[in-house]
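Please look through the sequence and the structure shown here before reading on. The paragraphs after it go from the whole chain to individual side chains.

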Amino acid sequence: MTIGQIIGKNIIDYRTKLGYTQDHIANYLGADRTTISKYENDEREISIVSLNKLADLFGIELEDLIEENVANKTVNLAFAFRSEGILMEDMESIASFQKIVKKYLQMKGIQRNNE
């Protein structure tokens, strides 16, 4: 499997597990829905900026989007949000919140390691 295929499959997996549509993701990234489809089908390369934005939105590390082994993925769906009626402002807020939670958990891990 190529890296593009892995990324595409992971975008689909995280997107569907969180209840987002391709339209949600397209609006959030400022892209066309067909572009998201092309990312998911490895027909177009996705930028690192977009990958970082998706990682924040999904509440995962960037590395999780390129991880082929499902057992190694660290999906945290504890903070999953309903996707019904999501507005662009909601997507930005969700991504910001997920980023804060991710950073908090990283800091707690560092604190535990230093104790």
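The accessible surface of the protein chain comes to about 7,000 Å² in this predicted model, and carbon and sulfur atoms account for 52% of that surface. Of the 115 residues of the protein chain, 37% count as buried. The chain has five helices and zero strands, so that its elements, read from the N terminus on, run α-α-α-α-α. Among the contacts in the protein chain with a separation of 6 or more, 66% are accounted for by residues 24 or more positions apart.

How far the model can be read depends on its confidence. The protein chain averages a pLDDT of 83, and 83% of the residues score at least 70. Confidence is highest in helix 3 (residues 33-40), with a mean of 97, and lowest in helix 5 (residues 88-114), with a mean of 78. Over residues 75-80 the pLDDT stays under 50, and for this stretch the model has nine contacts beyond four places in sequence.

Helix 3, where confidence is highest, is a suitable place to begin with the side chains. Which of its residues are buried? In helix 3, Thr35, Ile36, Ser37, Tyr39 and Glu40 are buried, and what covers the buried residues of this helix includes helix 1 and helix 2. Thr35, which is found in helix 3, has a relative accessible area of 10% and is therefore buried, the cut-off being under 20%. The C-alpha atom of Thr35 is separated by 9.6 Å from that of Glu45, which is 10 residues apart from Thr35 along the chain. Just after helix 3, Asp42 takes a positive phi of about 55°.

From the side of helix 2 (residues 22-29), one of the residues to follow is Gln22, which lies in that helix. Is Gln22 buried or exposed? With a relative accessible area of 16%, Gln22 falls under the 20% limit and so counts as buried. Leaving aside residues up to four places away in sequence, Gln22 touches Arg15, Arg33, Ile36, Ser37 and Glu40. Of these contacts, the one with Arg33 includes a polar contact between the two side chains, at 2.7 Å. Ile36, Ser37 and Glu40, which Gln22 touches, are also among the buried residues of helix 3.

Aromatic side chains supply a further set of contacts to examine. The structure holds one aromatic pair, formed by Tyr14 and Phe58, whose rings are stacked at 5.8 Å centre to centre with 25° between the planes. This pair links distant parts of the chain, since Tyr14 is in helix 1 (residues 3-17) and Phe58 is in helix 4 (residues 48-58), 44 residues apart. Tyr14 has a relative accessibility of 2% and therefore counts as buried, and Phe58, at 1% relative accessibility, counts as buried as well. A different kind of arrangement involves Tyr28, for Lys53 lies over the face of the Tyr28 ring, at 4.8 Å from the ring centre.

Taken together, these details can be followed from helix to helix in the predicted model. The stacked rings of Tyr14 and Phe58 link helix 1 with helix 4, while helix 1 and helix 2 are included in what covers the buried residues of helix 3. Gln22 in helix 2 makes its side-chain polar contact with Arg33. Caution is appropriate for residues 75-80, over which pLDDT stays under 50.

Notes
Residues are numbered from 1 along each chain as its sequence is written. This is a predicted model: local features need pLDDT of at least 70, side-chain atom pairs count only at pLDDT 80 or more; totals for chains, interfaces and linings use all residues. Side-chain values use heavy atoms; hydrogens and water are left out. Helices (H or I, at least four residues) and strands (E, at least two) are DSSP runs, numbered from the N terminus. Buried means under 20% relative accessible area, exposed over 50%, partly exposed in between (1.4 Å probe, protein chains only). Contact means heavy atoms within 4.5 Å. Accessible areas come from the Shrake-Rupley method with a 1.4 Å probe; for residues, only the protein chains shown count as cover. pLDDT is the predictor's confidence in each residue, from 0 to 100. A polar contact is a pair of N or O atoms within 3.5 Å; within protein, one must be able to donate a hydrogen and the other to accept it, and residues adjacent in sequence count only if both atoms are side-chain atoms. Rings of Phe, Tyr and Trp (its six-membered ring) pair if their centres lie within 6.5 Å; planes under 30 degrees apart count as stacked, over 60 as edge-to-face and the rest as tilted. A charge sits over a ring if NZ of Lys or CZ of Arg is within 6 Å of the ring centre and within 35 degrees of the ring normal.
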